[in-house]
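Q: Can we go through this structure together? I'd like plain answers.

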Amino acid sequence: MGISASWNYSRCLEGTVHTRTAPVLIVGAGLGGLSTALFLGLHGVPALVAERHPGTSLEPKARGQMPAVMEALRAAGLERAFLDAAPPGRPEMTIAIAESATGRVFHSVTEAMPDFARYSPAPTGMVSQERAEPLLAARAAELGADIRFSTRLESFTDGPDGVTAVLRDLTTGEAYEVEAAYLVGADGHRGGIREAAGIGAHGRGTIGESTSLLFEADLDPALDGAAVQMHYLRNPALPGGSGAFVSTDTPGRFVAAVEARAPRDEESAREIVRLVTGLPELEVKLLGATTWSTACRVADRFSSGRVHLVGDAAHVMPPTGGQGGNSALMDGHHLAWKLAAVVRGQAGPGLLDSHDAERRPFAECLVEQQYANMVHRMAPHLADETVAERIDPARLLFGYRCPSGAFVAEPTAPLDDALFEDPATPSGRPGTRAPHVPLAGGSTRDLYGRGFVLLTDDEGRRSAAERAAERLGVPVAVPALAGDWAAAHGVTPSGAVLVRPDGLIAWRERAQGDPAEVERALRVVLDR
């Protein structure tokens with residue numbers, strides 16, 4: 001049964017103060033905040049979401065959803081909606097390093113990408129933030145989230161028993177208190193929650209300033225028909241010598257980006273668009289300009305007391321590689337089940353310590369990978385010994401090993417402690433992504449998303465899992481398995497693998513053993 005939010009009223013000397021109580025207060029309705037609200041709702045906990053803007057993003061940025069994100073959206077009932085929201089055209093992405101959108105191609109990034117089908121049963125999504133956020137918001141609301149736009153966080157106090165925040169309705173001017181068990185800072189890189197929580201940040205800092213020009217033009221005859229066009233440009237004629245051309249979710253509408261402040265006048269902006277497209281006679285209708293900073297920055301901690309950070313509040317990275325939005329969505333996916341378990345009394349508060357332990361090492365690496373992509377694709381003049389060696393995309397997206405966290409760790413050899421493994425030969429060890437193993441009618445990955453799952457063919461462990469679930473009040477599914485699932489998880493058919501709601505391996509036993517170990521593993525993971 002879900003947890004209901006409620007209204008309480010308290011009276012103070014100044015008059016009547018409305019106090020809202022909610023299990024979790026999320027500040028920010030971007031990809032990270034809405035993802036957290038969505039998956040909290042999926043686990044039976046309705047969140048209150050406060051967003052200072054009047055609605056979801058209108059900017060066609062943060063395009064694309066990697067298969068792991070689509071798996072999570074599938075569990076939440078949103079995969080079909082995202083696929084249907086893809087822009088028209090051939091269902092592919094054209095990603096290239098080029099002189100212009102229609103000019104000489106130096107390198108095809110698309111052709112260099114591996115086939116992800118061997119690692120996931122889910123397709124790649126093609127939706128930008130402009131369309132993704134309304135889909136996430138609508139589904140989160142269906143699952144119980146109360147999303148309040150034009151609502152600003154004025155202040156908050158993090159106490160031993162909860163968080164007290166003051167919100168202001170920017171439409172009416174009314175201020176009111178919210179008492180919540182936890183606060184999720186999803187207020188972006190310009191938000192103040194991270195600093196107010198006493199959390200610093202580190203990294204390369206601000207790298208440069210860029211301007212995106214949103215425009216309409218008839219470019220269909222000059223492009224290759226792919227639904228998504230993404231060109232990283234190297235061209236000395238462009239301001240700063242580099243830029244980007246990106247399609248949007250609206251046919252005939254595109255973005256031209258350059259490393260410079262906004263042009264002085266509309267004609268200068270049109271000339272930049274013509275250079276970016278490589279079409280000097282192109283008729284251009286300008287729709288707007290946005291100036292933004294490129295930065296590499298990671299919070300020193302992702303959690304402090306009852307405050308937890310997701311998305312750009314936790315990590316900021318260059319857009320080259322498209323992982324900013326994906327990592328924000330996955331931050332919410334990985335954090336939400338933990339918050340829900342603690343709020344519902346299924347886990348101890350120590351479970352939440354794993355948010356920082358698991359997500360920050362990955363973010364540290366991802367930020368540097370995005371920077372390395374930027375140097376390779378757009379700014380080779382920045383190449384130096386500090387640029388990270390680029391990691392194969394499949395290894396980066398599917399091979400991460402949590403150094404520590406909410407799982408029963410196994411001893412590893414000194415030479416086997418790398419942060420990433422080859423997902424083509426998964427180790428199956430706790431703290432890694434449970435591999436995709438085709439089953440009759442689907443995949444092992446389709447089993448995850450709503451609760452713990454025990455993979456085993458051993459009847460003793462199946463019964464033990466059912467008893468443990470009843471005693472701990474935690475859902476544990478024990479599906480009947482048809483197929484060779486064991487080898488990919490590093491166990492024998494008589495062994496067992498416990499998988500968390502977010503699809504990470506929590507514990508395993510390679511061969512037949514004491515059935516009581518299932519409950520002991522759950523207790524370790526859940527801080528019980």
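**Cysteines, overall shape and one glutamate**

Q: Why is Cys-365 not bonded to Cys-296?
A: The sulfur of Cys-365 is 12 Å from that of Cys-296, the closest cysteine sulfur, so it is too far for a bond. A disulfide here is a pair of cysteine sulfur atoms within 2.5 Å, and by this rule the count is zero. Cys-402 is in no disulfide either, as its nearest cysteine sulfur, in Cys-365, is 13 Å away.

Q: Is this model predicted or something else, and how are residues numbered?
A: This is a predicted model, where local features need pLDDT of at least 70, side-chain atom pairs count only at pLDDT 80 or more, and totals for chains, interfaces and linings use all residues. Residues are numbered from 1 along each chain as its sequence is written, and side-chain values use heavy atoms, with hydrogens and water left out.

Q: Is Cys-402 buried or exposed?
A: Cys-402 counts as buried because its relative accessibility is 6%. Buried means under 20% relative accessible area, exposed over 50%, and partly exposed in between (1.4 Å probe, protein chains only).

Q: How much of the chain is buried?
A: Buried residues make up 53% of the 528 residues in the protein chain.

Q: New topic: what does Glu-421 touch?
A: Beyond its neighbours within four places in sequence, Glu-421 is in contact with residues including Arg-395, Arg-401 and Thr-432. Contact means heavy atoms within 4.5 Å.

Q: Buried or exposed, that one?
A: Glu-421 has 8% relative accessibility, so it counts as buried.
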